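Thanks for coming. Please look at the structure on the screen while I go through it.

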Amino acid sequence: MIANHPEREQFRLENVLFALGNPLRLAMIKRLADGAELSCNTLRPQDVAKSTMTHHWRVLRDSGVVWQRPQGRENMISLRREDLDACFPGLLDTLLQVMQQEG
């Protein structure tokens, strides 16, 4: 596992909200919401530099929103849904509903 995955007790609402407050990061969360584990390359839009994505993945990981683990030459990313739901009940569901309504 990659370092800097906070324990559930270390989650802070302001860090999670900051991580979710970016359209690109929100798009990644939407893709991971069904429980999928996707590679960084799969999640990276073609018009966004890898270095930019590294920053976004770090923000999501350090806030506790995602798990990131190495697999061969790739890093796999998955949503920490259970942990987030335990700390902030209804937050992800509400966020995903709003995103779906907005299209």
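I'll start with aromatic pairs. How many aromatic pairs does a search of the whole structure find? Zero. Keep in mind that this is a predicted model.

The rings do appear in another kind of arrangement, with a charge over them. Take Trp67: the charged end of Arg80 sits over its ring, 3.9 Å from the centre. Then take Phe18, where the charged end of Arg25 sits over the ring at 5.4 Å from the centre.

Now the sheet. Three strands make up an open sheet, and their order is S1-S3-S2, with antiparallel pairing. Which strands are at the edges? They are S1, residues 37–39, and S2, residues 66–71, and each of these pairs on one side only. From one strand to the next, the twist averages 30°.

Let's go through the two pairings. S2 pairs with S3, residues 74–79, in the antiparallel sense, over six bridges. Here are some of the partners. Trp67, the residue with Arg80 over its ring, has Ser78 in S3 as its bridge partner. Gln68 is matched with Ile77 in S3, and Pro70 is matched with Asn75 in S3. The hairpin of S2 and S3 has two residues between the strands, and in this hairpin Gly72 takes a positive phi near 65°.

The other pairing is S1 with S3, also antiparallel, over three bridges. In this case Ser39 has Met76 in S3 as its bridge partner.

Next, the helices that lie across these strands. H2 lies across S1, S2 and S3, and runs at about 80° to S3. H4, residues 50–63, lies across S2 and S3, and runs at about 120° to S2.

That leaves one contact between helices. Two packed helices are described by the angle between their axes and the distance between the axes. For H2, residues 23–32, and H6, residues 91–102, the axes come within 11 Å and cross at roughly 105°. Why do we call H2 and H6 roughly perpendicular? Angles of 65 to 115 degrees count as roughly perpendicular, and the crossing is roughly 105°, so H2 and H6 are described that way.

Which residues meet there? From H2 we have Leu26, Ile29 and Lys30, and from H6 we have Leu92, Leu95, Leu96 and Met99. The residues of this contact divide into six nonpolar, no polar and one charged.

To recap: the search found zero aromatic pairs, the three strands form an open sheet in the order S1-S3-S2, and H2 lies across S1, S2 and S3 while also meeting H6. That's the end of my part.

Conventions
Residues numbered from 1 in each chain as written. Predicted model: local features only at pLDDT ≥ 70, side-chain atom pairs only at ≥ 80, totals over all residues. Heavy atoms only, no water. Phe/Tyr/Trp six-rings, centres within 6.5 Å; stacked < 30°, edge-to-face > 60°. Lys NZ or Arg CZ within 6 Å of the ring centre and 35° of its normal. Axes fitted to C-alpha atoms, helices over the stretch in contact; angles between N-to-C directions. Helix = DSSP H or I, 4+ residues; strand = E, 2+ residues; numbered from the N terminus. Parallel < 35°, antiparallel > 145°, perpendicular 65-115°, else oblique. Contact = heavy atoms within 4.5 Å. Nonpolar A, V, L, I, M, F, W, Y, C, P; charged D, E, K, R; others polar. Pairing = 2+ DSSP bridges.
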